Amino acid sequence: MTTSSTNHTERLEALLKEGRVLKPSEEFRRQANAGDPAIYERAAKDPEAFWAEEAKRLDWFEPWKKVLEWTVPWAKWFTGGKLNAAYNCVDRHAASSRRNKAALIWEGEPGDSRVLTFGMLEREVNRCANALKSLGVRRGDRVAIYLGMTPELPIALLACAKIGAPHSVVFGGFSAESLRERINDAKAKVLITADGAWRRGSVVPLKASADLALEGTPTIEHVLVVERIGQAANAAMKPGRDVRWRELVDSSSPFCEPEPMDAEDMLYILYTSGTTGKPKGVVHTTAGYLVGVAATHHYIFDVKENDVYWCTADIGWVTGHSYIVYGPLANGTTSLMYEGSPDFPDRGRFWSIVEKYGVNILYTAPTAIRTFMRWGTDWPAKHDLSSLRVLGTVGEPINPEAWMWYNENIGRGRCPVVDTWWQTETGMILITPLPGLTATKPGSATKPFPGIAAEVLDEKGQPVGPGAGGYLTLTRPWPAMFRTIYGDPDRYVEQYWSSYSGKYFTGDGAKVDEDGYFWLLGRVDDVMNVAGHRISTYEVESALVDHPFVAEAAVIGRKDDVKGQAIAAFVTLKESSPSADTLKQELKQHVAQKIGPIARPDDIYFTSELPKTRSAKIMRRLLRDIAEGRVLGDTTTLADPAVISKLKRQYEEKGNSE
């Protein structure tokens, strides 16, 4: 590696040398789903045998003939086997002692709620499946879904799976143009949407956006419309094309035979934005995906029969697909879903839901945790969180201080924290602690899941030593890996398999410490080049958040004629902090002391909110647009578009004060 890369590694070592190690209690280990360390050795010795054992947890119509066929970069898992994802998630539980067990618990934003047992969910899925059939949907036809977080969303996913129609969920925060683009790429035949959705007390006009999108979607024949809002949505219905859910689905037969699907048949397409070009249609198939999400959900979250499990993601993202719907329901778990935001009607909403339903496992995003930090400890302290047993994080690397805050103030020091790394493309969690086995280090995702092989490489493709930074790759196929980019196999090969021979390039930076623990550093395009020194946005953000008055920080590199890039930091302070003006120089010096003078931010801008998607990811791309004076890029995924507009005005008014 270059000298600058070596210096970068040294700074990482200084920043991330995490002395705190938290070991699982003996009591937890004894009851854990993964309590025997031999699981790692067994999976490493014979990965195919390990995954075959996990596959036996599912019900198959026909057994597989071969576990894995692998010709780089094309994988086939459980070839020859036949099964149905919806049958495994619903029908088999409805036919067992779990029939009257809660499958889905739903909490609406206005306070309405609904519980669906596995028996009730089976009937609703079958009715929706038959309704889709009546609209002409057949095996292999794609169905686009554009809904808010209501029970009809998982019902629609499972109904598509029941009849073998791949679904393509489009996040309800996307614009009409984004929806149109995804419908046309998938050539969807039917769209399922709603008159609207609730968000912070306001109506999100889903049907109006859908109608705009459908002006240029020649493949759509029918639109199935859920009535969530009612008259206040003022949603128009187009005769001959649009049909109301309650009129068609509720009157359809509650009996529907599951379609036997080949192991490699497509289950769904999910679009993920690329750094350039149009969104990528990530293709996940049936058997390997279901095996992967069920196994990881079982071991990582240590789910027990009577647990209430809550993943706070939106089903519009892969986290919701894998760990609200398919993984939990395949395991017969009670999965909770919430329609609204964490601060409506007040900042204690998450904790009131945990208390109300006795949530045992909570899986949320680091960005949300840092927001909770900024709001202070009074909100969670008002609620009984004693039911919590396991905490999880997902979406981006978590700062050590946020990890500790989560552990101490939400888990009250008694809940293992599982920091998970994975991607839309991987389908399942790949790097994670196992809560009964792994001694955790705040800020580290720890080790690959059993059966997963990961490696950190330098720019020449050579493994880096302990403590060195590099590029995260995966060296062995895994069951839930995506199979291709829909309609563009060449892009699949070029983007993911061309950087390192025979290895999957994740696009993320990472380091491995002397204990073999992985520290994720974010996307490699989030590395700044400051006067020839490579500095990750993550390390500067971690240094800022380390300051006692900082709740959250987002760092970007802006163009600089002298240094190539200059560091600009957007900082949110805790509510108890002193005046922002008195802190600017202090924070710059704090970063210089933590990392080195080269990492001292050139600009620090204070803001009450950072621009985030509804899945709680900070939109650094938009911050970069602001810092470099460009026209703002696509803002349709933002949870609150007003945040970026206000920040842009603030940046332009203040300019570079130094």
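**Exercise 1. Pairing in the sheet that holds β24**

Task: Find which residue of β24 is the bridge partner of T473, then work out which strands stand at the edges of this sheet.

Solution:
- Step 1. Go to β24 in this predicted model: the bridge partner of T473 there is F505.
- Step 2. Widen the view to the two strands. Strand β22 covers residues 469-474 and strand β24 covers residues 504-512; they run antiparallel and are joined by five bridges.
- Step 3. Now place the pair in its sheet. Four strands make up an open, antiparallel sheet, in the order β21-β22-β24-β25.
- Step 4. Look at the ends of that order. β21 (454-457) and β25 (518-523) each have a single partner strand, so one side of each has no neighbour in the sheet.
- Step 5. Add the twist: from one strand to the next, it averages 45 degrees.

**Exercise 2. A mixed sheet and its helices**

Task: Determine the strand order of the sheet containing β28, and say which strands of the sheet helix α19 touches.

Solution:
- Step 1. The order is β28-β29-β30, an open sheet of three strands with mixed pairing.
- Step 2. The edges are β28 (550-560) and β30 (603-606); each has a single partner strand, so one side of each is left without a neighbour in the sheet.
- Step 3. On average, neighbouring strands here are turned by 25 degrees against each other, direction ignored.
- Step 4. Take the parallel pair: strand β29 (residues 564-573) and β30 are linked by four bridges. Within β30, I604 stands opposite A569.
- Step 5. Turn to the helices. Helix α18 (residues 537-545) packs on the sheet and touches β28 and β29, its direction making about 140 degrees with that of β28.
- Step 6. Helix α19 (residues 580-594) also packs on the sheet, touching β28, β29 and β30, and its direction makes about 145 degrees with that of β30.

**Exercise 3. K594 in its surroundings**

Task: Decide whether K594 is buried, partly exposed or exposed, and list its contacts beyond four places in sequence.

Solution:
- Step 1. Locate K594: this residue is found in helix α19.
- Step 2. Its relative accessible area is 32%. Buried would require under 20% and exposed over 50%, so K594 is partly exposed.
- Step 3. Setting aside neighbours within four places in sequence, K594 is in contact with A543 and D546.
- Step 4. For a sense of distance, try P258: the C-alpha atoms of K594 and P258 are separated by 58 Å, and the two residues are 336 residues apart along the chain.

**Exercise 4. Two crossing helices**

Task: Describe how α6 and α7 cross, and sort their contact residues by class.

Solution:
- Step 1. The axes of helix α6 (residues 118-134) and helix α7 (residues 152-163) come within 8 Å and cross at roughly 65 degrees. The crossing of α6 and α7 is right-handed.
- Step 2. Pick out the contact residues. From α6 they include L121, V125, C128 and L132, and from α7 they include I155, A159 and I163.
- Step 3. Sorted by class, the contact of α6 with α7 has 11 nonpolar, one polar and three charged residues.

**Exercise 5. Covered elements**

Task: Find which residues of α13 are buried, and how many residues of β14 are.

Solution:
- Step 1. In helix α13 (residues 349-357), the buried residues are R349, F350, W351, I353, V354 and Y357.
- Step 2. Just after α13 comes G358, with a positive phi near 60 degrees.
- Step 3. Strand β14 (residues 266-272) is mostly covered, with six of its seven residues buried.
- Step 4. β14 pairs with strand β15 (residues 280-285) in the antiparallel sense over six bridges; in β15, G281 is the bridge partner of Y271.

Technical notes. Residues are numbered from 1 along each chain as its sequence is written. This is a predicted model: local features need pLDDT of at least 70, side-chain atom pairs count only at pLDDT 80 or more; totals for chains, interfaces and linings use all residues. Side-chain values use heavy atoms; hydrogens and water are left out. Buried means under 20% relative accessible area, exposed over 50%, partly exposed in between (1.4 Å probe, protein chains only). Two strands pair if DSSP finds at least two bridges between them. Axes are lines fitted to C-alpha atoms, for helices over the stretch in contact, and angles run from 0 to 180 degrees between N-to-C directions. A crossing is left-handed if the near helix is turned anticlockwise from the far one by less than a right angle, and right-handed if clockwise. Contact means heavy atoms within 4.5 Å. Ala, Val, Leu, Ile, Met, Phe, Trp, Tyr, Cys and Pro count as nonpolar, Asp, Glu, Lys and Arg as charged, and the others, Gly among them, as polar.
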